[in-house]
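Subject: Structure for you to look over

Dear colleague,

I am handing over the structure we spoke about, and I would be grateful if you could open it alongside this message. My notes on what was found in it come after the structure itself.

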Amino acid sequence: MSRFQVRKVAVLGAGVMGAQIAAHLVNVKVPVVLFDLPAKEGPKNGIVTKAVEGLKKLKPSPLGVADDAALIQQANYEEHMALLGECDLVIEAIAERMDWKLDLYKKIAPHVAPHAIVASNTSGLSITKLSEALPEAIKPRFCGIHFFNPPRYMYLVELIATPTTQPQILDDLETFVTSGLGKGVVRAKDTPNFIANRVGIAGMLATMREVEKFGLTYDVVDDLTGKKLGRASSGTFRTADVVGLDTMAHVIKTLQDNLSAETDPFYDSFGTPEVLKTLLEMGHLGQKTKAGFYRKVGRDVLRFELASKDYVPGGQKADDVYGRMLKKPAAERLKLLRESEGPQGQFLWAILRNSFHYAAVHLASIADTARDVDFAMRWGFGMKQGPFELWQEAGWLQVAQWIQEDIAAGKALSKAPLPDWVFKGPVAEAGGVHTPEGSWNPTSGRFEPRRMLPVYQRQHFPETVLGSGGAKFQTAGTTVHEDKTIRVWTLDGDVLIASLKTKMHTISPEVCEGLQLAIETAEKSYQGLVIWSGDEPFSAGADLESTLPAFLAVGVSAIEDAEGFMQQTMLRLRYAGVPVISAIRGLALGGGCELGLYSARRVAAMESYIGLVEVGVGLVPGAGGLAYIARRAAEAQAQSTHKDLLPFLTEGFTAAAMAKVGTSAIESRKIGYLLDSDIIVPNKDELLYVAIQEAKAMFNAGWRAPLKRLFPVAGRSGKATIQGQLVNMRDGGFISQHDFRIASLIANVVTGGDVDAGTLVSEEYLMTLERQAFCELVQHPKTQERILGMLSTGKPVRN
Ligand code: NAD
């Protein structure tokens, strides 16, 4: 088998994108060397060093663990060109100037390895024009690789071929970007701004025009065009502020410079909006200058007003009636909006119509299929649905007719008619562009399936577009047991899968019953059990709401029973006769974290956030989390020559007492919630595949559960030491009296309570202490205040 191996990557340009791309390579364990120009003064690597330092302070963090910035190898074009020869992939991310990029290509060409792929991260320059300056030997290995900012978090990467790019190169790169970097790849044609920015920025400009036309304010527009519309929650103008108005102006300029009324019939609407010009002139660039469309003053968010060139009170919401309309099924929603008389409804219909119109007119020139446009908008602009998906869902021909009527009536942004394929032939007959056969390619005149690269066999449930059919994780495979809270099923007959169905995948007594049944079934007839859900989070923890009625009716004994049952379930997982794998993605909090901790192994997506957060609701981890912390400390000490147990306990204690949550799978490992033997997977969609493989490998290696054994605890002297520190924190005003009470109870459990240091205890003994602490706290008014606060507002109460 021949395989394109990426042993090392060179990133050229340590700016906003280059430095963050390098950081993400470190996150996924790819060695990387980051280049920039030699500094004119001081050490030659000065520019890169500064950029790498900057990575540690950036929010949201581009690094899984901030200190890993040190793993980025620093280089400059004067001293280190030879390093390029070691790299299998070179990603160029220098400033957006054709002449500078071409100059740099000339400089690097003699040093690039003869097999290496060279790719540009340009957002708007022609990849073909860039390739023309390259030596013949590099041309076939050159393409575009367009990341979105911030590259760690944005799922989309657009790959762009030139007429001379070898097809194999693109397949190799797609494989690496998908599996190695964990991204969703869309192939774009070499047109200005490619797919997502072309459709997205045209959409933003169109939105700004309609805002002016309908006389709406930015806060109302953001309320309408955020979550309610199924788009990024920051809406239109706050997104612009976050991206940076200068960056936005730059992308708009690329559209203006590279397109014309001949190449884009919507060109007339690409003029820089007056308000954007004004803000730029005033030096208000958005979040980075603390003023843009919005400005925060104390707790108030003010909005810009063009007429007075000043900021006025903001925070206005849209009319409720539109919120209700936006919740209706697609067909009814669009009809209501179109027929609504108020400016807010008219505005919404107008921006949706514009997006359908623009996407249909440009599909053939910018993308291979309609699926690529929809994925690009979902993955690059945070939309729940792409434009074609919504149009199709609302009724293809009806919506097409409405658009046509608006064009005829001069309401649309351009007179360009919808392409013929919208009304006639396969699309009209199928009622849309997405079918189980594939998605519409207007150039070939066919519905085309997704590219079937071997890497996609690692995705059992890849993301799909509406109308494409395809297996759904909720119903796929063979169901062994299913109730309201859990589905126990198998894909291959070898490994059993347990998928939680509760809201936020919380763990109720019914879920515990289901898990126990799954283990029993797996022990009888399967090689292993994987706990996995097709959507996030992994689990938000114990279901507090479901235990509340029993608590109120029966009292604390109901809680004690529920806790005991959860603890038993955790032990059942740990000592099961088959390996249990937790396949974690997104949040794994409290009981969700414990589910992971009591599994034989964890396979976690890079974007996993794991922690014991019970303190936030005034409780202690009560389903084995603290028993785990005590056991891990004893295990770590057993492997060391150190005689004192306490230092091994401190980190686990602190993590639980401060409700620390890992900001990535890598950081969660540092905190101790993942082990070195656990697997971190870059791509969320490969999680199930890897977990099933892992379960089988463990089974085939003759897996047996660990032997039950007693282990030493730090005892009352250890507890006294921890408590001494807690007293200082309380007296110094760093923690409240109630925090002190909770932390003391945690200290009591993890040190084994009132016993001598070194006393051997069992997991069950520590779990009894956990339950006692939990039940004591649940009756405390301050804890109840925290729980009720969390349940009603979703925010922690500090008391
Ligand atoms: P930036 O301005 O932050 O960084 C550019 C880097 O290029 C700097 O470190 C600078 O030292 C270096 N540089 C400048 N002139 C150079 C030269 N003549 N030779 C070699 N290096 C030089 O830019 P950025 O925002 O990181 O953008 C880099 C590339 O990525 C651009 O092509 C841009 O279009 C693209 N891009 C940007 C974003 C974004 O949101 N910023 C998103 C996707 C793609």
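What follows goes from the whole chain to its sheets, its helix contacts and a few backbone details.

Please keep in mind throughout that this is a predicted model. The chain contains 28 helices and 23 strands. Its radius of gyration is 29 Å, close to the 28 Å that the globule rule gives for 799 residues, so the chain is as compact as a globular protein of that length. Along the principal axes, the C-alpha trace spans about 85 × 65 × 60 Å, and 56% of the 799 residues count as buried. If one takes the contacts between residues at least 6 apart in sequence, 70% of them join residues that are at least 24 apart.

Two of the sheets deserve a description, and I begin with the one that appears earlier in the sequence numbering. This is an open sheet of 8 strands in the order 3-2-1-4-5-6-7-8, and its pairing is mixed. Strand 3 (73–76) and strand 8 (184–188) are the edge strands, each of them pairing on one side only, and the twist from one strand to the next averages 25°. Strand 7 (residues 156–160) and strand 8 run parallel and are joined by 5 bridges; within this pair, Val-157 has Val-185 in strand 8 as its bridge partner. Helix 14 (residues 370–381) packs on this sheet, where it touches strand 7 and strand 8, and the direction of helix 14 makes about 130° with that of strand 8.

The other sheet is also open, with 7 strands in the order 15-16-17-18-19-20-21 and mixed pairing. Strand 15 (478–482) and strand 21 (679–681) stand at its edges with a single partner strand each, so one side of each is left without a neighbour in the sheet. Neighbouring strands here are turned against each other by 25° on average, direction ignored. Strand 16 (residues 486–490) pairs with strand 17 (residues 495–500) in the antiparallel sense over 5 bridges, and Ala-498 in strand 17 is the bridge partner of Val-488.

Turning to the helices, two packed helices are described by the angle between their axes and the distance between the axes. For helix 14, already mentioned for its place on the sheet, and helix 15 (residues 387–408), the axes come within 7 Å and cross at roughly 110°. Since angles of 65 to 115 degrees count as roughly perpendicular, helix 14 is roughly perpendicular to helix 15. On the side of helix 14 the contact is made by Ala-370, Val-373, Asp-374, Met-377 and Arg-378, and on the side of helix 15 by Pro-387, Phe-388 and Glu-389. By class, this contact has 5 nonpolar, no polar and 3 charged residues.

Helix 25 (residues 715–731) and helix 26 (residues 737–750) pack at an angle of about 170° with their axes 10 Å apart, which means that helix 25 is roughly antiparallel to helix 26. Lys-719, Ile-722, Gln-723, Leu-726, Val-727 and Arg-730 of helix 25 meet Gln-737, Phe-740, Ala-743, Ser-744, Ala-747 and Asn-748 of helix 26. Here the classes come to 6 nonpolar, 4 polar and 2 charged residues.

Finally, there are some backbone details that you may wish to inspect by eye. The peptide bond from Asn-149 to Pro-150 is cis, with omega near 0°, and Pro-150 lies in the loop between strand 6 (142–147) and strand 7. Another cis peptide bond joins Glu-536 and Pro-537, where omega is about -5°; Pro-537 is in the loop between strand 18 (528–531) and helix 18 (544–554).

Positive phi values in residues other than glycine also occur. Phe-194 has phi near 55° and is found in the loop between strand 8 and helix 6 (196–214). With a relative accessible area of 0%, Phe-194 is buried. Ala-659 has a positive phi of about 50°, and Ala-659 lies in the loop between helix 22 (646–657) and helix 23 (665–671).

With best wishes

Technical notes. Residues numbered from 1 in each chain as written. Predicted model: local features only at pLDDT ≥ 70, side-chain atom pairs only at ≥ 80, totals over all residues. Heavy atoms only, no water. Axes fitted to C-alpha atoms, helices over the stretch in contact; angles between N-to-C directions. Helix = DSSP H or I, 4+ residues; strand = E, 2+ residues; numbered from the N terminus. Parallel < 35°, antiparallel > 145°, perpendicular 65-115°, else oblique. Contact = heavy atoms within 4.5 Å. Nonpolar A, V, L, I, M, F, W, Y, C, P; charged D, E, K, R; others polar. Pairing = 2+ DSSP bridges. Rg over C-alpha atoms; globule rule 2.2 N^0.38 Å. Buried < 20%, exposed > 50% of the residue type's maximum accessible area, 1.4 Å probe, protein only.
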